[in-house]
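Trainee: Could we go through this structure together, one question at a time?
Mentor: Gladly, here it is.

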Amino acid sequence: MAAAATMAAAARELVLRAGASDMEEEEGPLGSGPGLQEPLQMGELDITSDEFILDEVDVHIQANLEDELVKEALKTGVDLRHYSKQVELELQQIEQKSIRDYIQESENIASLHNQITACDAVLERMEQMLGAFQSDLSSISSEIRTLQEQSGAMNIRLRNRQAVRGKLGELVDGLVVPSALVTAILEAPVTEPRFLEQLQELDAKAAAVREQEARGTAACADVRGVLDRLRVKAVTKIREFILQKIYSFRKPMTNYQIPQTALLKYRFFYQFLLGNERATAKEIRDEYVETLSKIYLSYYRSYLGRLMKVQYEEVAEKDDLMGVEDTAKKDILELRGPSLRSRNTIFTLGTRGSVISPAELEAPILVPHTAQRGEQRYPFEALFRSQHYALLDNSCREYLFICEFFVVSGQAAHDLFHAVMGRTLSMTQKHLESYLVDCYDAIAVFLCIHIVLRFRNITAKRDVPALDRSYWEQVLALLWPRFELILEMNVQSVRSTDPQRLGGLDTRPHYITRRYAEFSSALVSINQTIPNERTMQLLGQLQVEVENFVLRVAAEFSSRKEQLVFLINNYDMMLGVLMERAADDSKEVESFQQLLNARTQEFIEELLSPPFGGLVAFVKEAEALIERGQGCRLHGEARVTQLIRGFGSSWKSSVESLSQDVMRSFTNFRNGTSIIQGALTQLIQLYHRFHRVLSQPQLRALPARAELINIHHLMVELKKHKPNF
């Protein structure tokens, strides 16, 4: 029906458009028709509006023309007016048919109307119910808000009451004194665990009462008297107990470390006194300081006196210096004599260096009466190590006890420690100072310095700074100047030594150089562990003086050969001793190695000069002429012939005599072997150079060249004379 209506409307419009077109054709152009001869008057159609309306009509016509039915009608060429009437007729038929259908369905429509009316009534009732429900919900919402406000207020009141109850509970708990606390404080021994527990409770209640009194709480007056009486009772019992423990330290032959360790279990006792009765706490601390100060002083004074009795009976004196003349009285300097247990060595390290090894450094201390029964004697550095290790061990234990029991730290702990140990440390320091006045054993002093340096590191690892702040530095301030003084005295003794006053001299190593070698190697090996530049400077001065001394002694020999033998023997001995203990790249080793090489080369030339001097002179002269380009001046057939025949007839005996002479001259067979090998090598090189000179044109035709020994044959023969050691 909608399509038919659309088609009818379109048809009517087309008919109207067509009629309008016909009318225009009949009337002619605009303005030429009979009805349009008169001009337009005011209020009539506006040209602009007509143009707008025509545009809309054109758009509408164009839209209708695009309709499918209109397109179909136009294609068939149907007259639109007839087609419009036909469409209107069809519409009337459809309308009548729709009316008949409506009449036939009138009952259903009436029933539908009744149903709609009933639904409207039901919906109206539901609307009323929902309205009532909405009003009820609004009232419930207001009630809920009221309840929420009441709940919030109740929650606030609850929290306030809980907070008040908690504070009141704490206040009541802090002020109430239970019977268990009273019984324990009054009746229980202080060593029982329950006394300690209730003492802590009493301390907490006393602190709480003091806090509440500061806030002005009136209830504190009800319990102040009870707490004061309990505090006085607890202080009395604690004071008696701690003083009894301190007095037990004074008993003879008592190991005070045992009761001292037991006191640590009750360190809260002193904390209680410190917080509740400072006068009693000060009394206990002063009594402890006085008692332990006397105990330590007595113990170390006795131990130090007994310890010095097991020192070597013979020690270095002011005349026991490196440059002093060697006599029978000075057997201690060279480890000679029948009994070494009563003697010390001042230039030789030996086993003395083990005192700074990790195993010996923290070994148990020496027991003097045991050593006396075994007739054992020790050098000073061993006694120093034992004395100061005991001091270090006890000082560390005492410092930690003071910090833990007396609840101090920092400067307060340092002051309290020195109140206990100060007299002992001062006594030990004075003893060392008096001993060093007459000490001339540089190795012992140097070992003591390194012992102190290591003990200082140990105290740092144990986190005990009390000794490091004062004592170790003061001890080093005593040891270093004495060590430098002794070293300078030895330097001066070597500098002032007169070789002519040393008696008979021989080419063997001198005892002064042997002393220096042992002494220098000892100090260098010790110094390598913890290097010190000042020590190396003093050793450098000593080395210079020893080198000058060796040259002065060598000058006392008449022949250059003896001088060189003396120098080589001394340099070799010092180098060998130094290399046993010092590093191969040390300055001392390098210096003596250069001196030894130079003197050895000079001695080899001196050794080859008597038997082969003529050959050496000829080779040097000939090589000089050849180098200047004057080889034509090479003459002297008789001289060359004599050299060739003389070498061939005497070289074996000369080499044999040379070897024996070297082995007799040098105390170190290995060094002698090296010198012989160097001499034979230089002889082979000399003869090879002689061969090259004779190969020159001026000497090539000499008959004596046939008597030359083959160089390879000479090398084989010389190898037979090489000694094996």
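Trainee: How many disulfides does a search of the whole structure find?
Mentor: This is a predicted model, and a disulfide needs two cysteine sulfur atoms within 2.5 Å. Take cysteine 439: the nearest cysteine sulfur belongs to cysteine 448 and is 7.6 Å away, so by the 2.5 Å cut-off cysteine 439 is in no disulfide. Cysteine 448 is likewise in no disulfide, with the sulfur of cysteine 439 as its nearest. For the whole structure, the number of disulfides found is zero.

Trainee: Is cysteine 448 buried or exposed?
Mentor: Buried means under 20% relative accessible area. Cysteine 439, at 3%, is buried. Cysteine 448 has 0% relative accessibility, so cysteine 448 counts as buried.

Trainee: Which helix gives the largest share of the nonpolar patch?
Mentor: The patch is on the surface, covers about 390 Å² and is made by Ile99, Tyr102, Ile103 and Ile109. Isoleucine 103 has its place in helix H4, and because its relative accessibility is 55%, it counts as exposed. Three residues of the patch, its largest share, come from residues 80-104, which is helix H4.

Trainee: Is arginine 700 buried, partly exposed or exposed?
Mentor: Let's place it before we judge it. Arginine 700 lies in helix H25, residues 697-700. Beyond its neighbours within four places in sequence, arginine 700 is in contact with Leu694, Ser695 and Arg705. Its relative accessibility is 49%, and exposed would need over 50%, so arginine 700 counts as partly exposed.

Definitions and conventions: Residues are numbered from 1 along each chain as its sequence is written. This is a predicted model: local features need pLDDT of at least 70, side-chain atom pairs count only at pLDDT 80 or more; totals for chains, interfaces and linings use all residues. Side-chain values use heavy atoms; hydrogens and water are left out. Helices (H or I, at least four residues) and strands (E, at least two) are DSSP runs, numbered from the N terminus. Buried means under 20% relative accessible area, exposed over 50%, partly exposed in between (1.4 Å probe, protein chains only). Contact means heavy atoms within 4.5 Å. Patches are made of residues with over 30% relative accessible area and no salt bridge: like charges are joined within 9 Å, nonpolar side chains (Val, Leu, Ile, Met, Phe, Trp, Tyr) within 5 Å. Accessible areas come from the Shrake-Rupley method with a 1.4 Å probe; for residues, only the protein chains shown count as cover. A salt bridge is a side-chain nitrogen of Lys or Arg within 4 Å of a carboxyl oxygen of Asp or Glu.
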